[in-house]
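Colleague: I'd like to learn how to read the pockets and contacts in this model. Can you walk me through them?

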Amino acid sequence: MGIVASAMSMSLDGYVTGPHVSRKNPLGEGGMVLHDWLGPTATAADQAVLQEMGDGAGAILMGRRSYDISVGDGGWGDGGPAGQVPCFVLTHNPPAEAPDVFTFVTDGIESAVKQAKAVAGDKTVGLHGATAPQQALAAGLLDEIHVHLVPVLLGGGVRLFDLLGGGPIALDRTRVVEAGSGVTHLRYQVVRQA
Ligand SMILES: NC(=O)c1ccc[n+]([C@@H]2O[C@H](COP(=O)([O-])OP(=O)(O)OC[C@H]3O[C@@H](n4cnc5c(N)ncnc54)[C@H](OP(=O)(O)O)[C@@H]3O)[C@@H](O)[C@H]2O)c1
């Protein structure tokens, strides 16, 4: 069985978007810098990380906000965030119509992770946005946290770990890739208490 891992580009002050996210500006004001390593400033090390992510992806899981701001023309076209990789979307109100690659889940994170893992098989379920990773962590369903740490302070926007509360969650750092772009690709394994 594959793993469940969040995969997010994050500023040094913990934001995965800048302020004022909109369909025109899915990563908020100034937030596009978070994804420069995927294109304009990509080095061989960044490209290797990206290739590995693409090859390993068996399913994507995210919240409805991520879906709404990027679905369709001007965003993902007729696919999802990873092309035709199946994508599960947590929502209270599924849309009437959507591209085939999307499945909408209204009965919570446990159900969504279970469905995504069944589809992904030996591959990774990648969690995008901020709410899905935090819910999966709280439910003990997240195996790894992958952070692409971008050397910028955004000063506002959506934080990756704002909603956790509760006690500390221990992590093992399992990989550090220092790319020439300035981005540090970090991997942590979530330590499960016996
Ligand atoms: N930096 C990066 O690498 C990166 C990567 C991907 C995305 N992003 C950005 O992250 C932002 C989105 O993240 P976000 O945390 O703001 O929102 P999100 O997780 O995409 O969506 C939150 C919404 O999902 C639905 N939802 C979440 N959990 C649910 C549950 N258990 N049951 C039912 N519905 C549930 C709710 O919508 P409803 O109640 O309306 O259904 C909720 O308001 C976007 O701006 C996107 O561009 C950044």
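Colleague: Let's start with the ligand: how far is an oxygen atom of the ligand from a polar backbone atom of Ser9?

Modeller: A quick note on the source: this is a predicted model, with local features needing pLDDT of at least 70 and side-chain atom pairs counting only at pLDDT 80 or more, while totals for chains, interfaces and linings use all residues. Residues are numbered from 1 along each chain as its sequence is written, and side-chain values use heavy atoms, with hydrogens and water left out. For a ligand, a polar contact is a pair of N or O atoms within 3.5 Å. Here the distance to Ser9 is 2.9 Å. Thr131 has a side-chain N or O atom 2.5 Å from a ligand oxygen, and for a backbone N or O atom of Ala130 the figure is 3.1 Å.

Colleague: How much of the ligand does the protein bury?

Modeller: On its own the ligand exposes 940 Å², and the protein buries 80% of that (Shrake-Rupley areas, 1.4 Å probe).

Colleague: Which residues surround the ligand most closely?

Modeller: Look for heavy atoms within 4 Å of the ligand. That gives 22 residues, with Arg65, Ser66, Thr91, His92 and Thr131 the closest. Helix 2 gives the largest share, four residues. By class the shell has nine nonpolar, 11 polar and two charged residues.

Colleague: And where does the ligand sit?

Modeller: The general idea is that rolling a probe the size of a water molecule over the atoms shows where empty space is left. On a 1 Å grid over the protein atoms alone, a cavity is a set of points where a 1.4 Å probe fits but cannot get out; a pocket is an open set with protein on both sides within 12 Å along at least five of seven lines, and lining residues have an atom within 4 Å of a point. The ligand sits in the largest pocket, with more than half of its atoms within 2 Å of the grid points. That pocket has a volume of about 1,200 Å³. Its lining has 48 residues, and Ala7, Met8, His35, His128 and Gly129 lie nearest the centre.

Colleague: How many cavities of 30 Å³ or more does a search of the whole structure find?

Modeller: One. The largest cavity has a volume of about 70 Å³, and its lining residues include Val49, Glu52, His146 and Arg187. The lining divides into three nonpolar, three polar and three charged residues.

Terms used. Points joined across faces, edges and corners; volume = space filled by probe spheres on them. Polar contact = N/O pair within 3.5 Å; in protein donor to acceptor, adjacent residues only side chain to side chain. Helix = DSSP H or I, 4+ residues; strand = E, 2+ residues; numbered from the N terminus. Nonpolar A, V, L, I, M, F, W, Y, C, P; charged D, E, K, R; others polar.
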